Amino acid sequence: MSGNNHNVQQMAQANQSGPLSLTTTRRTIASTVAKITETLLPSDLVARMREGREWKHWISSLEPQLFDNLAEAPAEVKRHLFKQHITLVEIEAQAKCNRICTFCPNVIVDRRKNNILTDAELLDKVFTELGSIDYRQQIKFARYSEPLSNIPYLCERIKSARKLIPNAQLAIVTNTDYLKPGVLDRLREAGLDRIYMSLYLRRKEKWSLELAHAYSEKLAKRLGAQILTRSTTPASLRCMFAYDGIELLSACMNFEEYGTDRGSTIKQYTQQERLGPCREPFETFVIDYTGSVMPCCNLRSDFPQHQDFIVGDPSQPGTSIFDIYAGQLAAWRRSMIGFDSKGYPCATCRHRDVPDNLVAQIAAHTEKHLYKIGRKDIYKPPTGR
């Protein structure tokens, strides 16, 4: 428990150099006690406690302005809301993906021959706007494309983002088909910070932890990168790799157990309805290769059935990403903060849903906070699962 002793030592040192406020002292003591207590509890209970705290922290951060259409509000109000609440900007740099996977909507809309690039001028406009608020959260080149299918274009976009948003964390998601040591070097030189590497089994292979470890070892050998840590569950293996200058993270998932219905398009994941709040229209800002902004990562503008859900286009004159976030996305936030049944296309989406065993306490906390900020009118209680 050396880490806990360190916290106590910090308190003692602070008291020697000057008095701590009573609130700070209480918080430090509570944090230390919590960490000590967690070492004595079963790991699954600790995970549940931590997830509950994280949900409550997010609920407590919500401001009443998030639920009103503020498209006509002063620019600074809109900029504040975006900077305060968006933790991820997810962008497609281009359309092409070289794979078709059964758990992905690309099995419906085949992108293997779609070579359209996202307009560079549009992306630079978005990067400039993010730079204007000193955006310091993550920008991820991902969505339903394979970013490395056009490495030169991706590197140019990364360089531009690094120049215009120097303090943002830049990341990509890749299926690793094009990932080699030389490519890693180019991405590092362009200014990339992190790579999420998705490991997929062959079509007729049945997922197992043994096979997931084998795929991870094979990737480590190909990249010449040592695996530093491994984290397992019955349905997943996540690894961290050693590589100078870029954080490398891999995930090999059992998609018979893990997956979402992607806006009611993947029928194998539509077996259970969603009741909890959705954080996506609060925390993420999603831009397709078409330039369209979507309410979340599960909806896409190249699906005819999703086109009615497009909330904006920052390439339009006089329209900023802040206008879209504070404007049309507000209706999505109002509809997704309660614990009632959701309508199409969210009815059976379990992406980042509140776990069943946390619904009661998170619902009570949500009701209490919405009452506190004067928005109890939009609260919907749990209706059962």
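Glu90 has its bridge partner in β8, and that partner is Val286. The two strands behind this match, β1 (residues 88–91) and β8 (residues 284–287), run parallel and share four bridges. Keep in mind that this is a predicted model. Both strands belong to an open sheet of nine strands with mixed pairing, in a chain whose secondary structure adds up to 12 helices and nine strands.

**The chain as a whole**

- The chain has 385 residues, and 48% of them are buried.
- Take the contacts with a separation of 6 or more: 69% of them link residues 24 or more positions apart.
- About 18,900 Å² of the chain is exposed, with carbon and sulfur atoms supplying 52% of that area.

**The sheet, strand by strand**

- Reading across the sheet, the order goes β5-β6-β7-β4-β3-β2-β1-β8-β9.
- Why do β5 and β9 each have one side without a neighbour in the sheet? Both stand at the edges with a single partner strand, so there is nothing next to them on the other side within the sheet; β5 covers 227–233 and β9 covers 293–294.
- As background, strands in a sheet are held to each other by backbone hydrogen bonds, in either a parallel or an antiparallel arrangement.
- β4 (194–198) is mostly covered, with four of its five residues buried.
- On one pairing, β4 goes with β3 (residues 169–174) in the parallel sense, over four bridges. Within that pairing, Ile172 has Ile195 of β4 as its bridge partner.
- On another pairing, β4 goes with β7, again in the parallel sense, this time over five bridges. Here Arg194 sits opposite Glu247 of β7.

**Helices against the sheet**

- Helix α5 (residues 120–132) packs on the sheet and touches β1, β2 (138–141) and β8. The direction of α5 makes about 175° with that of β1.
- Helix α8 (residues 209–223) lies across four strands: β4, β5, β6 (236–241) and β7 (247–253). Relative to β6, helix α8 runs at about 20°.
- Helix α7 (residues 181–190) joins β3 and β4 in a right-handed β-α-β unit.

**Ile324 and its surroundings**

- Ile324 is part of helix α10, which spans residues 321–326.
- Is Ile324 buried or exposed? It counts as buried, because its relative accessibility is 5% and the cut-off for buried is under 20%.
- Outside the four places on either side in sequence, Ile324 is in contact with Phe285, Val293, Val311, Gly312, Asp313, Pro314, Thr319 and Leu329.
- Phe285 is 39 residues from Ile324 in sequence, yet their C-alpha atoms are 9.4 Å apart. Phe285 falls inside β8 (residues 284–287), and Val293 falls inside β9 (293–294).

**Cysteines**

- How many disulfides turn up in the whole structure? The search finds zero.
- Cys239 is not in a disulfide, and the nearest cysteine sulfur, in Cys252, is 8.8 Å away. Cys239 is also buried, at 4% relative accessibility.
- Why is there no bond between Cys297 and Cys296? Their sulfurs are 5.3 Å apart, which is too far, because a disulfide needs the pair within 2.5 Å. Cys296 is the closest cysteine to Cys297 by sulfur position.
- Cys297 counts as buried too, with a relative accessibility of 10%.

**Backbone spots to check in the loops**

- Tyr344 and Pro345 are joined by a cis peptide bond, with omega about 10°. Pro345 sits in the loop between α11 (329–335) and α12 (359–372).
- Asp134 has a positive phi, near 50°, and is a residue other than glycine. Its place is the loop between α5 and β2, and at 26% relative accessible area Asp134 is partly exposed.
- Ser264 also has a positive phi without being glycine, with a value near 65°. Ser264 lies in the loop between β7 and α9 (280–283), and its relative accessible area of 14% makes it buried.

Definitions and conventions: Residues are numbered from 1 along each chain as its sequence is written. This is a predicted model: local features need pLDDT of at least 70, side-chain atom pairs count only at pLDDT 80 or more; totals for chains, interfaces and linings use all residues. Side-chain values use heavy atoms; hydrogens and water are left out. Buried means under 20% relative accessible area, exposed over 50%, partly exposed in between (1.4 Å probe, protein chains only). Contact means heavy atoms within 4.5 Å. Accessible areas come from the Shrake-Rupley method with a 1.4 Å probe; for residues, only the protein chains shown count as cover. Two strands pair if DSSP finds at least two bridges between them. Axes are lines fitted to C-alpha atoms, for helices over the stretch in contact, and angles run from 0 to 180 degrees between N-to-C directions. A crossover is right-handed if, with the strands pointing away from the viewer, the path from the first strand over the helix to the second runs clockwise.
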